[in-house]
Amino acid sequence: MEKSKVYFTKILTPERVVDMFKILNKELKGRVAIKVHSGEKGNQNYLKPEFLKPVIDYVGGTVVECNTAYDGARNYTNKHKKLLEEHGWSKYFKVDIMDESGPDLVLKIPKGKTIKENFVGKNLKNYDAMLVLSHFKGHPMGGYGGALKQLSIGCASRRQKLHSLCGLYKRPKYCLG
């Protein structure tokens, strides 16, 4: 089995993010989704749109997000769009909240032992490739967040997140009727 290549830089600038992408020597063809964490209201721990603008412009994609399950400024599309504007994302980029309207896109998991299907924002089907731009941070309940979390939880629809909270954590307020 081939070992994964890991690239590291101590230089943290917008231009260096573009350089690191170029080092990968990967071309993202067609319609490209750029998955980001757009930031919670009042929280500064996310990569800002100004920092990511050079690489997003270089790749030429659409910034994508899905609504959250928990209460806050990103749990419903109208509030999420307002926060995206406040944080500057929609100022610089075309933004797509992939689960803005249903029905969800159902991804089958044929060999899944517990989970047999996953519900993601239906607009995911509109893209041919995805670039995930993540920050790394610790979470009190879930360990560490990064690229895998951006793909799994970040692309799950609000419905899937609510279903997971209901089943995994036995939180009735999140259970769907």
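A salt bridge is a side-chain nitrogen of Lys or Arg within 4 Å of a carboxyl oxygen of Asp or Glu. The model examined here is predicted. The structure holds nine such salt bridges. Three of these pairs are described below.

In one pair, the side chains of E65 and K35 meet, with an N to O distance of 2.8 Å. This pair links distant parts of the chain. E65 lies in strand β2, which covers residues 62-65. K35 lies in strand β1, which covers residues 32-35. The two residues are 30 residues apart. Both E65 and K35 are buried.

E100 forms a salt bridge with K81. The closest N and O atoms of E100 and K81 are 2.9 Å apart. E100 sits in the loop between β3 (95-97) and β4 (105-108), and K81 sits in helix α3 (residues 77-86), so the bridge ties together parts that are 19 residues apart in sequence. E100 has a relative accessible area of 40% and is therefore partly exposed. K81 is likewise partly exposed, because its relative accessible area is 41%. Partly exposed residues fall between the 20% and 50% cut-offs.

E117 pairs with K108 in a further salt bridge. Their closest N and O atoms are 2.9 Å apart. E117 has a relative accessible area of 29%, so E117 counts as partly exposed. K108 has a relative accessible area of 62%, so K108 counts as exposed.

Some salt bridges share partners. Such bridges join K35, E40, E65 and R74 into one network. K35 and E65, the buried pair described above, belong to this network.

Conventions. Residues are numbered from 1 along each chain as its sequence is written. This is a predicted model: local features need pLDDT of at least 70, side-chain atom pairs count only at pLDDT 80 or more; totals for chains, interfaces and linings use all residues. Side-chain values use heavy atoms; hydrogens and water are left out. Helices (H or I, at least four residues) and strands (E, at least two) are DSSP runs, numbered from the N terminus. Buried means under 20% relative accessible area, exposed over 50%, partly exposed in between (1.4 Å probe, protein chains only).
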